[in-house]
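Visitor: I've just pulled up a protein and I'd like some company while I look around. Could you walk me through it?

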Amino acid sequence: DEYTEEWEYSADFFAAFAADPNSFIREMRGKKILNLQVTPTDDQTQVASFNLQGFDSALQVLVNRCYK
């Protein structure tokens, strides 16, 4: 199952941010791979893939230590 969302660029165009980071994190739960696709202005599309093995466990530790 695929999930797609567009992010907003920073004022200097060197970073991008999810409009709703909590929603983005919820979407990653239970997934195996995160593929990020970036298309810079006037350049070729680039894709980076990240293995999400252990993400759910790490997220649970973060929630337990920071939000409970």
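Visitor: Let's start with Ser-10: in which loop does it lie?

Guide: Happy to help, and keep in mind that we're looking at a predicted model. Find strand 1, which covers residues 8-9, and strand 2, which covers 16-17. Ser-10 sits in the loop between strand 1 and strand 2.

Visitor: Is Ser-10 buried or exposed?

Guide: Buried means a relative accessible area under 20%. Ser-10 has a relative accessibility of 14%, so Ser-10 counts as buried.

Visitor: Which residues does Ser-10 touch, leaving out those up to four places away in sequence?

Guide: Closer along the chain there's a side-chain partner, since a polar contact of 2.5 Å joins Ser-10 and Asp-12. That one doesn't count for your question, because Asp-12 falls among the residues up to four places away that you've left out. With those set aside, the residues Ser-10 touches are Ala-15 and Phe-17.

Visitor: What about Phe-13, is it buried or exposed?

Guide: Phe-13 also has its place in the loop between strand 1 and strand 2. To count as exposed, a residue needs a relative accessible area over 50%. Phe-13 comes in at 62%, so Phe-13 is exposed.

Visitor: What is the phi of Phe-13?

Guide: Look at the backbone here: Phe-13 is not a glycine, yet its phi is positive. The value is about 65 degrees.

Visitor: How many Å separate the C-alpha atoms of Phe-13 and Arg-29?

Guide: Along the chain, Phe-13 and Arg-29 are 16 residues apart. In space, their C-alpha atoms are separated by 28 Å.

Visitor: Zooming out, in what pattern do the helices and strands follow each other?

Guide: The protein chain has two helices and four strands. Read along the sequence, they come in the pattern β-β-α-β-β-α.

Visitor: What radius of gyration does the chain have?

Guide: For 68 residues, a compact globule would have a value near 11 Å. Here the C-alpha trace spans about 45 × 25 × 15 Å along its principal axes. The radius of gyration of the protein chain is 14 Å.

Visitor: What share of the 68 residues is buried?

Guide: The cut-off is the one we used for Ser-10, under 20% relative accessible area. Across the protein chain, buried residues make up 13%.

Visitor: Now for the pockets! Which strand gives the most to the lining of the largest pocket?

Guide: The largest pocket has a volume of about 950 Å³, and 26 residues line it. Helix 1 (21-28) and strand 3 (33-38) each supply at least two residues of that lining. The top contributor, with six residues, is strand 3.

Visitor: Which residues lie nearest the centre of the largest pocket?

Guide: By class, the lining has 15 nonpolar, five polar and six charged residues. Nearest the centre of the largest pocket are Glu-5, Trp-7, Asn-35, Leu-36 and Gln-37.

Visitor: Which helix gives the largest share of the lining of the second largest pocket?

Guide: The second largest pocket holds about 240 Å³ of space. Helix 1 and helix 2 (55-66) are the elements that give two or more residues to its lining. The largest share, five residues, comes from helix 2.

Visitor: How many charged residues are in the lining of the second largest pocket?

Guide: Residues in this lining include Asn-22, Ile-25, Arg-26 and Leu-59. By class, the lining has five nonpolar residues and two polar ones, and the number of charged residues is three.

Visitor: Ile-25 caught my eye there. How exposed is it?

Guide: Ile-25 has its place in helix 1. Partly exposed is the class between the 20% and 50% cut-offs. Ile-25 is partly exposed because its relative accessible area is 29%.

Visitor: Which residues does Ile-25 touch, not counting those up to four places away in sequence?

Guide: First, a pair for distance: Ile-25 and Asn-64 are 39 residues apart in sequence and 16 Å apart in space, C-alpha to C-alpha. As for touching, Ile-25 meets Phe-55 and Leu-59.

Visitor: Last one: is Glu-6 buried or exposed?

Guide: Glu-6 is found in the segment before strand 1. Its relative accessibility is 75%, so Glu-6 counts as exposed.

Methods:
Residues numbered from 1 in each chain as written. Predicted model: local features only at pLDDT ≥ 70, side-chain atom pairs only at ≥ 80, totals over all residues. Heavy atoms only, no water. Buried < 20%, exposed > 50% of the residue type's maximum accessible area, 1.4 Å probe, protein only. 1 Å grid on protein atoms, 1.4 Å probe; cavity = no way out; pocket = protein on both sides within 12 Å on 5 of 7 lines; lining within 4 Å. Points joined across faces, edges and corners; volume = space filled by probe spheres on them. Nonpolar A, V, L, I, M, F, W, Y, C, P; charged D, E, K, R; others polar. Polar contact = N/O pair within 3.5 Å; in protein donor to acceptor, adjacent residues only side chain to side chain. Contact = heavy atoms within 4.5 Å. Rg over C-alpha atoms; globule rule 2.2 N^0.38 Å.
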